[in-house]
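Me: Could you take a close look at one part of this model for me, the part held by charged pairs around the short strands? Once that is clear, please work outwards to what else is worth seeing.

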Amino acid sequence: MLERNLSANTAAAYLVDVSHLLGYLDSIGADAASATPDNLHNLLATVRDLGISPRSQARMIAGIRSFFRFLRMEGYISADPSELIESPRLGRRLPDVLTVEEIDAMIAALPPGKEETPRNHAIIETLYGSGLRVSELVEARISRLDLDRAILIVEGKGSKQRMVPLSPSSVELIRDYLPMRQRLDIKPAGQDIIFLNRRGAPLSRVMVFYIIRDLAAAAGIQKTVSPHTLRHSFATHLLEGGANLRAIQEMLGHESIATTELYLHLDRSMLRNELLTHHPHYRQS
């Protein structure tokens, strides 16, 4: 890395990427000296499945290639398993990934004093702080919400349930919103739903799309922004901060994560640790 005169930021990012590689190899009983092209393809397939942006994938591949080139140059390995890895095409970059500053700008763009502002603030923080799908957000239930333990049980694809941690900001914002929610004329369909519209009915997915899109525009963000952008940003920021790939996979509720029975066996303290260490909105100031 030093011989290529990489910037300090790029070198630091490559070190994070190598740590992901070594952690993955260790999880499958391998190491850098015994890594195969198949091992690397499986790792990168996992990263793609997590919804990590193509640009972050390409940077990760560059870091892995540099690492194996160094090992071969120093004589630690005789063949480079990364030679045949293909970088993702960067021409297709949807959905975009927001920076932490852009997400904070969206929050700052919330109009003060408006009736829906506390709800919308809680929505943004819950989407970004927990990596929820928009369908999981609009169907999130009070009966599955535990603010004291900062946990929400959501139902994902295929009716699979998982337990997601809530950020301290999410907990505080939802606590503030719930009394306002109770003042609505709540319809039967909305009795157990956390986020409601002004008429007391569950929010639609389209309405959440409009909320996020309009806030991005108000913040002056030029990217194509949707609720799914916040989910991708959640995963990308955790990965780039050094979080464990398996933990990210579990928090996102990817298809390979088992159903309700499995989350009862998850090490919740480990997942929360990953968030507290690596997610920008979980870190203590």
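Reply: Happily! A residue is buried under 20% relative accessible area, exposed over 50% and partly exposed in between (1.4 Å probe, protein chains only). The model is predicted, so local features need pLDDT of at least 70 and side-chain atom pairs pLDDT 80 or more, while totals for chains, interfaces and linings use all residues. Residues are numbered from 1 along each chain as its sequence is written, and side-chain values use heavy atoms, without hydrogens or water.

Let's start with the pair formed by Arg 144 and Glu 155, a salt bridge whose closest N and O atoms are 3.7 Å apart (the term asks for a side-chain nitrogen of Lys or Arg within 4 Å of a carboxyl oxygen of Asp or Glu). Arg 144 sits in the loop between α6 (134-138) and β1 (145-146), while Glu 155 belongs to strand β2 (residues 151-155), so this contact ties together parts that are eleven residues apart in sequence. (Helices, H or I of at least four residues, and strands, E of at least two, are DSSP runs numbered from the N terminus.) Neither partner counts as buried: Arg 144 is partly exposed at 27% relative accessibility, and Glu 155 is partly exposed with a relative accessible area of 28%.

Asp 146 makes a salt bridge of its own, with Arg 149, and there the closest N and O atoms are 2.9 Å apart. Asp 146 is partly exposed, with a relative accessible area of 24%, and Arg 149 is partly exposed too, at 46%.

Ala 150 is worth a pause here. This residue is found in the loop between β1 and β2, and its phi is positive, about 55°, although Ala 150 is not a glycine. For background, most residues other than glycine have a negative phi. Ala 150 is also buried, with a relative accessible area of 9%, whereas Arg 149 is partly exposed. If you would like a second positive phi to look at, Gly 253 takes one of about 70°, just after α10.

Now for the charged pairs elsewhere. By the salt-bridge rule the count comes to twelve. Among the groups to look up, Arg 133, Glu 136 and Arg 162 are linked in a network of salt bridges. Asp 185 pairs with Lys 187 in another salt bridge, with the closest N and O atoms 3.7 Å apart. The two partners fall into separate classes: Asp 185 is exposed, with a relative accessible area of 58%, and Lys 187 is partly exposed at 33%.

Moving on to the helices, a good one to follow is α5, residues 117-130, whose axis comes within 9 Å of the axis of α7 (residues 168-182), the two crossing at roughly 150°. That makes α5 roughly antiparallel to α7. (Axes are lines fitted to C-alpha atoms, for helices over the stretch in contact, with angles of 0 to 180 degrees between N-to-C directions; under 35 degrees is roughly parallel, over 145 roughly antiparallel, 65 to 115 roughly perpendicular and the rest oblique.) Helix α5 also packs against α9 (residues 227-240), at an angle of about 40° and with the axes 7 Å apart. The α5 and α9 pair is therefore oblique.

Ile 107 and Ala 122 make a useful marker: they are 15 residues apart in sequence and 9.7 Å apart in space, C-alpha to C-alpha. Ile 107 lies in helix α4 and is buried, with a relative accessible area of 17%.

Helix α3 offers another marker. Phe 68 is found in this helix and counts as buried at 0% relative accessibility. Phe 68 is 50 residues from Val 18 in sequence, with their C-alpha atoms 9.7 Å apart in space. Compare Tyr 76, whose place is in the loop between α3 (54-73) and α4 (100-108): this residue is exposed, with a relative accessible area of 58%.

I'd finish with α10, residues 245-252. Seven of the eight residues in α10 are buried, so this helix is largely enclosed by the rest of the structure. The buried residues of α10 include charged and polar ones, Glu 250 and Gln 249, alongside Leu 245, Ala 247, Ile 248, Met 251 and Leu 252.
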